[in-house]
Amino acid sequence: MSHTASVLQGLPMERDAGPFDPPSRITAVRGARPVSPMVFPDGHEGWLVTGYDAVRQVMADTRFSNRQDIGIIHVPFETPGMPGAAEPSPQTPGLFISMDPPDHTRLRRKLTGAFTVKRMKQLEEGIIAITERQLDELARLTPPVDLLKEFALPVPSLVICELLGVPYADRETFQSNSSKFMERDITLEDKMAAIGAMFGYLAELVMGKRANPGEDILSDLARDEDLTIEELSGMAFLLLLAGHETTANMLALGTFALLEHPAELAELRENPQLLPDAVEELMRYLSVADIFYRYATEDIELGGETIPTGSTVVVSLLAANRDPQRFEKPDVLDVHRKVRGQVAFGHGIHQCLGQQLARIEMRAGFEGLLRRFPTLRLAVPAGEVKLRTDMHIYGVHELPVTWA
């Protein structure tokens, strides 16, 4: 790879185009060279993939490995896109998101029955009831309130706790540690401490379920003698983290986006039947889990470039979901858009296992919020909303709102 002025020095992260848009340098790179060479902060060379077709190809091609222990950049337990210490590490038991087949296949297969469309449909009534109870709690408060703390975070946390069989009373433990784990500029020592605390807590929980199983997903897994306690803990970690972090940030950032697009908000209030399409459009438009890492296991042709064996490949799902080659007027939020093929949930064998659950939670959350709080508005100027530019999953740190 030749060093020219066009080679990106590091991953552009600055949200200079607005709180909902990709960094302008990422957009510029996508227009000029959708598969683009990039130099990492430690000096080694890799690739940034921003074009829709190329992103889908990377996510679908298992020659682009998920295993961090074969990559130059070590991404500990790649919950969406997190560069960590710069040396390979052994596989963490149970974290199938950072595995390739056949290991990935063996573990993920044990969960597919729990997350089928049919099973999620059966749970929909309970999820709506949880959402309504949280809206009741919200209505009792005197505004202004932080919508993230009082609604967007509790709803998916309550749902995933009930599904997995994790006591909601323990939420402080997993919410604070998972939040710490999601920080970008965290020392390896602090990251390992947060992981250690989570794994210690979950190992105890799954051992209890193995001894005395209940009616929940972790109990079902614990009944499987094929799984070790370490694997059960890793799977529980992944499900708990992914099950509340991403949806919480979509509910909060999605509400912020709607409040900043009053015409679309009014349209949704008037026509709640548009909600399923609107949720899909918000996923495309915001793509809170944006950056993912892959490692080329052989020389691979991609978008007119040759990716050499061993290369670190960074994909941007947000850039792909805003690609004008794929979506008309991609930077416009349009609740009437019939979105097909958005990649906010990923693509290929690692596509989000809980995507149907997330869709149900978002539909229930946005529908209830718009119905119950017709005068909902920001309690601070939009420019004062604290954005999660320092975290691996994008969103807001808090969303102060008020209503009449």
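**Exercise 1. Place strand β9 among its neighbours.**

Task: Find which strands pair with β9, in which sense, and through which residues.

Solution.
- Step 1. Strand β3 (residues 45-49) is joined to β9 by three bridges, and the two run parallel.
- Step 2. One residue pair helps to locate this on screen: V49 has V315 of β9 as its bridge partner.
- Step 3. Turn to β6. Its pairing with β9 is antiparallel and spans five bridges.
- Step 4. Here I291 is matched with S316 in β9.
- Result. β9 pairs in parallel with β3 and in the antiparallel sense with β6. This is a predicted model, so read each value below as computed from that prediction.

**Exercise 2. Judge how enclosed β9 is.**

Task: Decide whether the faces of β9 are covered or open, then look at T312.

Solution.
- Step 1. Recall the general pattern: side chains in a regular strand alternate between the two faces of the sheet.
- Step 2. Sort the residues of β9 by side. T312, V314 and S316 are on one side, with V313 and V315 on the other.
- Step 3. Check burial. Each of these residues is buried, and both faces are covered.
- Step 4. Draw the conclusion. Five of the five residues of β9 are buried, so the strand is largely enclosed by the rest of the structure.
- Step 5. Zoom in on T312, which belongs to β9 (residues 312-316). T312 has 0% relative accessibility and therefore counts as buried, the cut-off being under 20%.
- Step 6. Look for a partner. The T312 side chain makes a polar contact with the side chain of H44, at 3.3 Å.

**Exercise 3. Describe the largest cavity.**

Task: Give the volume of the largest cavity, the residues nearest its centre and the elements that supply its lining.

Solution.
- Step 1. Start with the count. There are five cavities of 30 Å³ or more in the structure.
- Step 2. The largest cavity has a volume of about 650 Å³.
- Step 3. Its lining has 41 residues, and A242, T246, C352, L353 and G354 lie nearest the centre.
- Step 4. At least two lining residues come from each of α3 (103-112), α10 (229-259), β6 (291-296) and α14 (355-372). The largest share, nine residues, belongs to α10.
- Step 5. Classify the lining: 25 nonpolar residues, 12 polar and four charged.

**Exercise 4. Do the analysis again for the largest pocket.**

Task: Describe the volume of the largest pocket and its lining.

Solution.
- Step 1. The largest pocket holds about 510 Å³ of space.
- Step 2. Its lining has 20 residues. L148, K149, L153, Q175 and H397 lie nearest the centre.
- Step 3. α5 (147-152), α7 (171-181) and α10 each supply at least two lining residues. α7 gives the largest share, with six.
- Step 4. By class, five lining residues are nonpolar, eight polar and seven charged.
- Step 5. Note the helix found in both lists: α10 supplies residues to the cavity lining and to the pocket lining.

**Exercise 5. Check the backbone for unusual geometry.**

Task: Locate the cis peptide bonds at P102 and P144, and the positive phi values at S287 and K329.

Solution.
- Step 1. The bond from P101 to P102 is cis, with omega near 5 degrees. P102 lies in the loop between β4 (64-65) and α3.
- Step 2. The bond from P143 to P144 is also cis, with omega near 5 degrees. P144 lies in the loop between α4 (117-140) and β5 (145-146).
- Step 3. S287 is not a glycine, yet its phi is positive, about 40 degrees. S287 sits in the loop between α12 (275-286) and β6. At 0% relative accessibility, S287 is buried.
- Step 4. K329 also has a positive phi, near 45 degrees. K329 sits in the loop between α13 (317-321) and α14. K329 is exposed, at 60% relative accessibility.

**Exercise 6. Test for disulfides.**

Task: State how many disulfides there are, and explain why C161 forms none.

Solution.
- Step 1. Recall the bond: a disulfide covalently links the sulfur atoms of two cysteines.
- Step 2. Apply the cut-off. The two sulfurs must be within 2.5 Å.
- Step 3. The closest cysteine sulfur to that of C161 is in C352, 17 Å away, so it is too far for a bond.
- Step 4. Compare exposure. C161 is buried, with a relative accessible area of 3%, whereas C352 is partly exposed at 30%.
- Result. The count is zero disulfides.

Note on methods
Residues are numbered from 1 along each chain as its sequence is written. This is a predicted model: local features need pLDDT of at least 70, side-chain atom pairs count only at pLDDT 80 or more; totals for chains, interfaces and linings use all residues. Side-chain values use heavy atoms; hydrogens and water are left out. On a 1 Å grid over the protein atoms alone, a cavity is a set of points where a 1.4 Å probe fits but cannot get out, and a pocket is an open set with protein on both sides within 12 Å along at least five of seven lines; lining residues have an atom within 4 Å of a point. Grid points are joined across faces, edges and corners, and a volume is the space filled by probe spheres set on the points. Helices (H or I, at least four residues) and strands (E, at least two) are DSSP runs, numbered from the N terminus. Ala, Val, Leu, Ile, Met, Phe, Trp, Tyr, Cys and Pro count as nonpolar, Asp, Glu, Lys and Arg as charged, and the others, Gly among them, as polar. Buried means under 20% relative accessible area, exposed over 50%, partly exposed in between (1.4 Å probe, protein chains only). A polar contact is a pair of N or O atoms within 3.5 Å; within protein, one must be able to donate a hydrogen and the other to accept it, and residues adjacent in sequence count only if both atoms are side-chain atoms. Two strands pair if DSSP finds at least two bridges between them.
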